[in-house]
Amino acid sequence: PSVSPHDGLGANLSVQTKNNRVFRVLPRDNEEINECWLSDKDRFAYEGLNSADRLQRPMIKRNGEWHECDWPEALEFVAAGLKRIRDEQGEEQIAALASPHATLEELYLLQKLLRGIGSGNVDHRLRQSDFSADAAMQGASWLGMKIAELDQLNSVLIVGSTLRADHPLLAHRLRQAVKHGAELNLINPVDDDLLCRVANKSIVAPDAMVATLDQVRRALAGESVDATAQAIAASLKQGERKAVLLGNLAQHHPRYAELHALAQQVAELAGARFGFLGEAANSVGAELADACPRGDGLNAQAMLAAPRRAYLMLHAEAELDC
């Protein structure tokens, strides 16, 4: 028995092995999370375990060439290098970038290691570009409701998400809600086929998303705006169970802080729940584990804009993940 590491859902699954090799991954029933379903990425990603590109032993680069070594030698090499940089150039020259797909325990240990060295430069938000709201943030950026409540919504507004690719089983929950009469509203730069009826949608360029969401806020406040914004606002006013949810694209947007603030205001005016479609398996867990900068610590973008002398990378490849 295991849990999916691929998106913010945490689908329950069973990993089937033979002779210490994974041969199949199947869904494990949990009505509160994934019901009886499993997304394709959860079902087939195990094939990567057997890739020839995976390292089987630790390696150290000497004179420009990689050499295999044992674990004690590798760990001593890393510890000595970090200690040298700390002593000669200061602990602020050491940074850590962690994938939000890492486990809760790994993320907790990483931030403890960095803070034990004396550096607060640790972050898991590798694809975020706007950190201007950090000082005002409280708590973790979670869904704002139980997963099982999604298919009971009467109306929902999704802001910035390629829903079927990012969160396939949450998209399934929302399709069930639509089948039961819910109205699905969308503000997005991409006009995906969500395989269900969409009540209202505003497909706009990324740099127009803030103004579009503000139109919905103004409509809820009783101001005169365009017809699509009025229709989305009217949809959010109806029913008792409604939600405004920020997707991956919104969380990565260069004006994320504005989208966040506007979405929260829209939810408050509509009497709706407000939440986030978690980017990765441990987007929430990383915040709970404190794997993000505090005080004078640098965020992920700042660590790359002002390069450090040493980086610890936890399950992350900078050229692909940042």
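Modeller: Let's start with a definition: a strand here is a DSSP run of E with at least two residues, numbered from the N terminus. W66 sits in one of these, strand β5, which covers residues 65–68. One caution before we go on: this is a predicted model.

Colleague: Thanks! What makes W66 count as buried or exposed?

Modeller: Exposed means over 50% relative accessible area. W66 has 52%, so W66 is exposed. Together with L55 and M59, W66 also makes a nonpolar surface patch of about 340 Å².

Colleague: And what makes these residues eligible for a patch?

Modeller: Patch members need over 30% relative accessible area and no salt bridge, and nonpolar side chains are joined within 5 Å. W66, at 52%, passes the area cut-off.

Colleague: Just before β5 there is a loop. What is unusual about the phi of N63?

Modeller: The phi of N63 is positive, about 55 degrees, although N63 is not a glycine. Most residues other than glycine have a negative phi. N63 lies in the loop between β4 (59–62) and β5. With a relative accessible area of 84%, N63 is exposed.

Colleague: What can you tell me about the phi of D290?

Modeller: D290 has a positive phi of about 70 degrees, and D290 is not a glycine either. You will find D290 in the loop between α10 (283–288) and α11 (300–305). Partly exposed runs between 20% and 50%, and D290 has 24%, so D290 is partly exposed.

Colleague: A289 is in that loop between α10 and α11 too. How do you know whether A289 is buried or exposed?

Modeller: Buried means under 20%. A289 is at 5%, so A289 counts as buried. Leaving out residues up to four places away in sequence, A289 touches L104, L107, Y108 and Q111. A289 and Q111 are 178 residues apart in sequence, with their C-alpha atoms 7.9 Å apart in space.

Colleague: Let's turn to helix α7, residues 227–237. Which of its residues are buried?

Modeller: They are A229, I232, A233, S235 and L236.

Colleague: Why do you say that the buried residues of α7 line one face?

Modeller: Seen down the axis of α7, the buried residues fall within an arc of 160 degrees, so they line one face of the helix. As a general point, an α-helix has 3.6 residues a turn, so residues three or four places apart point the same way. On the other side of α7, A227 and K237 are exposed.

Colleague: What do the buried residues of α7 pack against?

Modeller: Their partners are β8 (155–159), β9 (183–188), β10 (200–203), α6 (209–220), β11 (242–246) and α9 (256–270).

Colleague: What caps the N-terminal end of α7?

Modeller: D226 does: one of its side-chain oxygens lies 3.1 Å from the backbone nitrogen of T228. A polar contact needs N or O atoms within 3.5 Å, and 3.1 Å meets that cut-off. After α7 comes G239, with a positive phi near 80 degrees.

Colleague: In α6, what does the side chain of R217 make a polar contact with?

Modeller: The partner is the side chain of D214, at 2.7 Å. Apart from neighbours within four places in sequence, R217 is in contact with L262, Q265, V266 and L269.

Colleague: What makes you call Q251 buried or exposed?

Modeller: The cut-off for buried is under 20%, and Q251 has 13%, so Q251 is buried. Q251 is part of helix α8 (residues 248–252). Not counting residues up to four places away in sequence, Q251 touches Q128, L246, Y256, F276 and L277.

Colleague: Now the charges: why is the pair of E73 and R62 called a salt bridge?

Modeller: The rule asks for a side-chain nitrogen of Lys or Arg within 4 Å of a carboxyl oxygen of Asp or Glu. The N to O distance for E73 and R62 is 2.7 Å, so by this rule the pair is a salt bridge. The pair links distant parts of the chain, with E73 in helix α2 (residues 71–89) and R62 in strand β4, 11 residues apart. Both are partly exposed: E73 at 32% and R62 at 35%.

Colleague: How many salt bridges does this rule give?

Modeller: The count comes to 15. Among them, R125 pairs with D123 at 2.9 Å, and both of those residues are buried. R255 and E258 meet at 2.8 Å. Salt bridges that share partners also join K83, R86 and D87 into one network.

Technical notes
Residues numbered from 1 in each chain as written. Heavy atoms only, no water. Buried < 20%, exposed > 50% of the residue type's maximum accessible area, 1.4 Å probe, protein only. Helix = DSSP H or I, 4+ residues; strand = E, 2+ residues; numbered from the N terminus. Arc of directions from axis to C-beta. Contact = heavy atoms within 4.5 Å. Polar contact = N/O pair within 3.5 Å; in protein donor to acceptor, adjacent residues only side chain to side chain. Patch = residues over 30% accessible without salt bridge, like charges linked within 9 Å, V, L, I, M, F, W, Y side chains within 5 Å. Areas by Shrake-Rupley, 256 points an atom, 1.4 Å probe, with all protein chains shown as cover.
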